[in-house]
Amino acid sequence: METKQEYLTDAQMEALDKFLNSIGILNYELKFSPAVEDGENFGGVILKVDVLEVKNADLPVNHFIIKCSPHSDIIHAAVPFVNVYNIEIYLYSTVFSEFLQIQREKKVAQVCKPCPKFYTSLTKHREEMLVLEDLKLKGYEHHNRYLPLNYDHVLIMLKQYAKIHALSYAVRDQKPQLFQEFQKNMRNHFFEDLTFGAIQTYVQHRLTHALKALNRDQDGPYYDKFVYLAENWNSVLKSLMSKSQHPVVCHIDCGISNALFKYQHTKIPTEVILLDWQHSRVDSPAVDLVAFILSSADASTLEKFDELVVEYYKSLSSFLRELGSDPNEVLPFEVLQSELKTYGIVGLLMTVLLLHVYAAGNQKLPNLVTDESYSSGFVFTYNLDDRTHYDSRMRAAVSKFHRMGYNFM
């Protein structure tokens with residue numbers, strides 16, 4: 001059995017013990033194991049914790065997922081982990097709680113629960129921790145992150161994003177002061193402070209890698225536009241990020257592995273839960289839409305981009321009406337189209353970052369949270385062993401973005 005010393009600090013263990021005692025678990029042993037496979041852990045230490053009765057140590061009586069901020073000074077100097085953990089804790093402890101509250105007030109028939117159940121947290125500096133529900137015990141499962149999603153998977157994800165965005169708009173419409181609090185407390189996000197050298201290096205590496213997927217002769221109409229983006233991404237991001245007049249609480253990190261699907265006897269998903277809200281910020285809904293579709297959809301689904309946007313808007317409008325707000329006032333469809341054209345480029349930037357991970361195939365990816373990973377520089381600037389799958393998906397994403405008529409700058 002693994003012991004706490006291998007994973008948790010004294011403060012984290014004390015917070016976990018206090019929570020367990022609060023739900024009536026007084027005498028116990030803990031079994032820790034990694035909750036993710038090697039190369040999947042980019043946002044801290046993620047653990048599966050089984051709480052075992054002392055009298056029968058083989059019988060788990062409770063199960064949790066624990067997310068912990070890395071302990072290393074080297075890692076914190078490279079990546080703003082304190083900021084991203086504080087944002088995720090704020091989302092789970094406050095934002096999602098308010099989303100549930102407004103649904104109760106409006107007596108919503110089918111309550112939207114977009115994330116795992118939240119139990120407790122610790123906000124001590126560089127010892128941040130969340131304790132969450134282990135949804136895999138309820139039949140939820142990951143999709144293979146190296147395989148793009150088909151239409152059914154993309155559609156159910158978009159409908160979930162539509163409901164999350166609708167909840168944001170309902171709060172903004174009916175409780176404007178509360179929404180202003182969301183904005184205030186989510187300012188210090190991952191990309192807000194670009195003074196972290198590792199972020200600059202990381203984004204530039206990904207854009208340089210993406211540019212190699214394009215060919216000036218074949219991709220002439222958008223090749224030079226992408227070159228401009230690769231050279232000026234910092235100013236593009238600063239000029240557009242969180243500048244929308246129609247903002248929502250965005251997921252941002254819309255990758256395939258940040259979703260858990262549930263199935264009922266078929267390969268068509270019936271439910272989806274979204275994970276990893278560390279990069280979340282208040283921004284245009286276009287960022288989530290573009291980042292998710294371009295990074296996750298298979299080739300045939302990607303060509304249905306327009307149709308998917310319509311389906312998203314139908315779900316958004318329906319849920320907004322149920323929540324007591326008018327979609328034609330909050331976000332008319334033509335305004336959504338304008339948001340996509342103007343702020344979609346921020347979603348394309350996220351696509352560049354995501355596809356590098358999700359087109360890696362069987363390549364073993366580095367662990368972001370160990371000191372050893374930084375011996376030769378920032379570990380996340382790894383190159384792909386086989387670019388074939390990556391080049392195809394990247395080129396398709398940039399091409400689709402161009403054909404949709406969205407702005408590159």
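How much space lies in the largest cavity? About 80 Å³ of space lies there, and the close-up views below start with that spot. Please keep in mind that this is a predicted model.

**View 1. The largest cavity and its lining.** Let's begin on the inside. The count of cavities of 30 Å³ or more comes to one. You can find the lining by looking for F191, V203, W233, L237, M241, R281, V346, L349, M350 and L353. Helices α7 (220–240) and α12 (333–358) each supply at least two of these residues. The largest share, four residues, comes from α12. Sorted by class, the lining of the largest cavity has nine nonpolar residues, no polar ones and one charged residue.

**View 2. The second largest pocket.** Next comes a pocket, with about 760 Å³ of space in the second largest one. Its lining is made of 27 residues, and the closest to the pocket centre are V111, C112, K113, P114 and I273. Three elements, α3 (81–105), α4 (151–174) and β8 (269–274), each give at least two residues to this lining. Helix α3 provides the largest share, with six residues. Which classes of residue make up the lining of the second largest pocket? There are 15 nonpolar, five polar and seven charged residues.

**View 3. Helix α3 beside helix α5.** Here is a handy idea for the last two views: a pair of packed helices is described by the angle between their axes and the distance between those axes. Helices α3 and α5 (residues 176–185) pack at an angle of about 170°, and their axes are 11 Å apart. Because angles over 145 degrees count as roughly antiparallel, α3 is roughly antiparallel to α5. On the α3 side, the contact is made by I87, Y90, V95, E98 and F99, while α5 brings L178, E181, F182 and N185. By class, this contact of α3 with α5 has six nonpolar residues, one polar residue and two charged residues.

**View 4. Helix α4 crossing helix α5.** Now turn to the pair α4 and α5, whose axes come within 5 Å and cross at roughly 125°. The two helices are therefore oblique to each other. To trace the contact, look for S168, V171, R172, D173 and Q174 of α4, together with P176, L178, F179 and F182 of α5. What does the contact of α4 with α5 contain by class? It has five nonpolar, two polar and two charged residues. If L178 and F182 look familiar, that is no accident of labelling: both also belong to the contact of α5 with α3.

Conventions
Residues numbered from 1 in each chain as written. Predicted model: local features only at pLDDT ≥ 70, side-chain atom pairs only at ≥ 80, totals over all residues. Heavy atoms only, no water. 1 Å grid on protein atoms, 1.4 Å probe; cavity = no way out; pocket = protein on both sides within 12 Å on 5 of 7 lines; lining within 4 Å. Points joined across faces, edges and corners; volume = space filled by probe spheres on them. Nonpolar A, V, L, I, M, F, W, Y, C, P; charged D, E, K, R; others polar. Axes fitted to C-alpha atoms, helices over the stretch in contact; angles between N-to-C directions. Parallel < 35°, antiparallel > 145°, perpendicular 65-115°, else oblique. Contact = heavy atoms within 4.5 Å.
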